[in-house]
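Thanks for sharing this one with me. I have put my notes into a few short points that you can follow with the structure open.

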Amino acid sequence: MLTSHLVRLVGQNLRRNRKNLAFASVGIVVGISSFVFFIALGAGVQRVVSTQIFPMEANRLQVVPRSIEFGSATGGRPIDEQALSDFAAIPGVAAVYPRMRLAFLASTAVDGRDLSPAAVDLLRRVPGVTARMLEAVRDVRVWLEIMGDGIDPRLAAADAVAGEFADPPEGEPIPVLLSRRMIEIYNGSFAEARGLPKVSEMLLPFLPPLPLTLNHSFISREVRGAPAPARMKVVGLSRHALMGGITMPLETARRLNRRFAGEAAAHTYSSAVLEVTSSDWLGPVQERLRGLGFDLDMSEKRMAESVGMFITLVTLGFSLISLIIVGIAAVSIAHTFFMILYERKREIGLLRALGASKGDVRNLILAEASAIGLTAGTAGLLLGALACLLSDTLLARFLPDFPFKPESFFAFPVWIFPGALAFALIFCWLGALLPARRAAALDPAATLTGR
Amino acid sequence: MIRLRNLSRVYGQGPSATAALRDICLEIPEGAFATVVGTSGSGKTTLLNILGGLDSGYLGEAQVAGRELRALTDRERSAYRNETVGFVFQHFALLEHLTALQNVALPAFFANAREPAPERRAAEVLARVGLGERLHSYPGQLSGGQKQRVAIARALYRRPRLILADEPTGNLDTATGAQIISLFEELNREDQITVVVVTHEDFLFKNVTCKVRLEDGRQVEGAPC
């Protein structure tokens with residue numbers, strides 16, 4: 001049978017049985033829409049994890065000195081200038097970004113009452129900052145031990161939005177970056193609870209420099225020499241910044257380490273980020289690094305993988321439920337087709353008498369199932385997308401802020417659209433397969449004579 | 001046109017086997033008008049189903065238009081039914097959801113080549129059977145005689161060489177039945193179509209060239225023509 005003839009015949013038959021078939025395909029619509037909903041939810045949560053909570057870069061590695069307990073026994077060595085040269089010489093390494101921890105103690109003491117009227121006036125202009133928030137700021141009293149490190153400015157230059165991220169002249173505020181993840185937790189919990197303004201890139205240009213006391217500690221007695229007062233200016237938020245501390249330009253950290261901890265501290269690095277030319281090089285470079293006596297910091301990657309695996313498993317569980325719904329719908333489709341087949345027995349006999357082959361009859365039933373699958377699948381897709389949109393709107397309106405709360409909880413991987421339609425088609429085919437075979441096997445002479 | 005040699009048809013197996021046809025030998029030439037008569041259960045419809053390629057579970061030989069029907073594949077047999085044979089049934093076998101025009105054009109769906117203007121051809125054959133004014137009527141809107149004319153138009157649609165009619169007047173009153181019979185005779189005379197009619201009432205037919213009588217599956221009249 002020609003395809004155009006098949007399409008016309010299918011159209012005629014579907015119109016005739018539209019009520020029965022619409023009822024039978026409800027399950028497909030529900031199953032596919034819930035499948036789309038759960039897959040999109042899983043992908044959305046996964047996106048938050050991989051881009052905000054544990055952002056990963058496929059072609060970067062973090063190298064750390066080998067742990068102390070095994071270091072001497074297995075050839076471990078510190079990351080110094082020679083080690084950086086060795087890293088750069090490894091085939092496949094495109095760039096090396098060293099990181100240096102501050103080798104001395106530092107602290108900060110912030111008192112809201114010390115804010116100048118000009119600074120308060122400036123803060124008032126920030127969109128979203130209310131008078132109550134300013135009052136809360138005036139009440140802030142914070143004393144903090146500061147941990148810090150320095151990074152290669154090339155690694156985070158794009159994150160500096162409120163000033164230049166480079167070693168400043170003596171006496172100028174030190175530009176620092178704060179961890180995006182830390183700020184997200186502050187915004188979602190601390191700021192929310194205390195009525196303080198949320199920290200964002202928009203707020204940073206309005207923030208005055210904050211006091212910083214170098215070579216000083218509130219808790220340790222090991223500080224030697226006099227404390228040195230300084231100021232720091234938060235110039236940006238970065239995922240490369242130290243979690244629970246401040247991150248300054250590498251040369252600033254080197255200068256301060258030299259001043260407060262000696263020359264050796266100015267040439268010893270806590271870690272280095274290595275960029276490889278392509279992810280194909282990751283394996284060989286890792287191997288070479290271990291051979292040189294270094295370890296790789298995989299903790300973030302492992303954490304991201306664990307969380308990702310958990311989300312994938314939960315998503316799979318829900319998707320399985322959706323597929324079970326579609327499977328049950330396939331049984332309903334089969335039942336409906338058997339019923340229609342019973343009603344159309346004589347008609348099938350007639351079609352055979354008029355020249356339909358067994359294959360034509362089978363194709364006719366399967367084509368009807370395909371049309372139902374495509375229609376119900378499309379309806380399920382639209383319904384699922386609509387449910388996502390509605391859920392996003394409701395969650396945005398009624399769910400209180402929390403750390404890493406995304407703008408949208410849903411993401412639609414490209415494969416979801418053809419995938420959902422393919423599922424609908426496959427299950428409708430499965431449902432129609434047996435009735436189609438039965439219809440093709442009908443004896444036309446027997447059906448026409450009512451035997 | 002039709003050549004049957006020792007044709008038998010048995011339903012079932014073992015002790016419960018029933019012979020519907022036994023050793024039928026028959027020849028019907030091209031352009032003949034044949035009637036198959038017999039009481040109920042004598043094997044008339046079985047014979048028609050075999051001739052129409054609907055039943056290939058027979059023994060012996062059944063050649064139509066030079067082809068042994070049992071030797072054809074399902075696809076070839078379907079093409080044979082579509083191109084060579086036109087069926088007319090006692091109960092008309094029209095699809096209620098289709099118009100007369102759509103019912104008549106139904107065989108076009110199973111043709112191997114695209115009919116250039118299927119609806120024009122359908123209108124043409126409907127006009128040929130005197131229903132040119134009822135193209136868009138549904139079967140429910142037609143009388144019994146008109147329904148049978150639609151069924152005949154459908155049988156004519158693919159320009160068949162053979163029309164097989166199974167008690168085509170069985171559901172019609174005598175006057176209407178006579179009209180249908182004369183339509184068959186006209187088609188046989190003017191278009192040279194071989195017609196085989198299964199009937200109880202062969203006395204109504206005037207131009208029969210070949211008559212076969214069956215009793216309990218045996219041929220009791222109508223030696224090879």
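Below are numbered remarks on a helix pair, the contact between the chains, some strands and two alanines.

1. Please keep in mind throughout that this is a predicted model.

2. Let's begin with two helices of chain A. Helix H3 (residues 26–53) of chain A packs against helix H15 (residues 416–441) of chain A at an angle of about 150°, and their axes are 10 Å apart. Because angles over 145 degrees count as roughly antiparallel, H3(A) is described as roughly antiparallel to H15(A). Their crossing is right-handed.

3. If you would like to look at the side chains there, H3(A) brings Ile28(A), Ile32(A), Phe35(A), Val36(A), Ile39(A) and Ala40(A) to the contact. From H15(A), they are met by Ile416(A), Ala420(A), Phe423(A), Ala424(A), Phe427(A) and Cys428(A). By class, this contact between H3(A) and H15(A) has twelve nonpolar residues, with no polar and no charged ones.

4. Next comes the meeting of the two chains. Here 21 residues of chain B are in contact with 19 residues of chain A. On the chain B side, helix H1 (44–51) and helix H2 (74–83) each supply at least two residues. H2(B) gives the most to that side, with six residues. The side of chain B that touches chain A is mixed by class: ten nonpolar, six polar and five charged residues.

5. Now to the strands of chain B. Strand E1 (residues 2–11) of chain B runs antiparallel to E4(B), and five bridges join them. Within this pairing, Leu4(B) has Ala62(B) in E4(B) as its bridge partner. E4(B) is also joined to E5(B) by two bridges, again antiparallel; there, Gln63(B) is partnered with Glu68(B) in E5(B).

6. The turn after E4(B) deserves a look of its own. E4(B) and E5(B) form a hairpin with two residues between them. Ala65(B), in the loop between strand E4 (59–64) and strand E5 (67–68) of chain B, has a positive phi of about 50° although it is not a glycine. Most residues other than glycine have a negative phi. Ala65(B) is partly exposed, with 16 other C-beta atoms within 10 Å.

7. A second alanine shares this backbone feature. Ala93(B) also has a positive phi of about 50° without being a glycine, and its place is in the loop between strand E6 (85–88) and helix H3 (100–104) of chain B. Is Ala93(B) buried or exposed? With 21 C-beta neighbours inside 10 Å, Ala93(B) counts as buried.

Conventions. Residues are numbered from 1 along each chain as its sequence is written. Chains are lettered from A and ligands numbered from 1 in the order in which they are written. This is a predicted model: local features need pLDDT of at least 70, side-chain atom pairs count only at pLDDT 80 or more; totals for chains, interfaces and linings use all residues. Axes are lines fitted to C-alpha atoms, for helices over the stretch in contact, and angles run from 0 to 180 degrees between N-to-C directions. Helices (H or I, at least four residues) and strands (E, at least two) are DSSP runs, numbered from the N terminus. Angles under 35 degrees count as roughly parallel, over 145 as roughly antiparallel, 65 to 115 as roughly perpendicular and the rest as oblique. A crossing is left-handed if the near helix is turned anticlockwise from the far one by less than a right angle, and right-handed if clockwise. Two residues are in contact if their C-beta atoms, placed from the backbone, lie within 7 Å. Ala, Val, Leu, Ile, Met, Phe, Trp, Tyr, Cys and Pro count as nonpolar, Asp, Glu, Lys and Arg as charged, and the others, Gly among them, as polar. A residue is buried if 20 or more other C-beta atoms lie within 10 Å of its own, exposed if 12 or fewer, and partly exposed in between; C-beta atoms are placed from the backbone. Two strands pair if DSSP finds at least two bridges between them.
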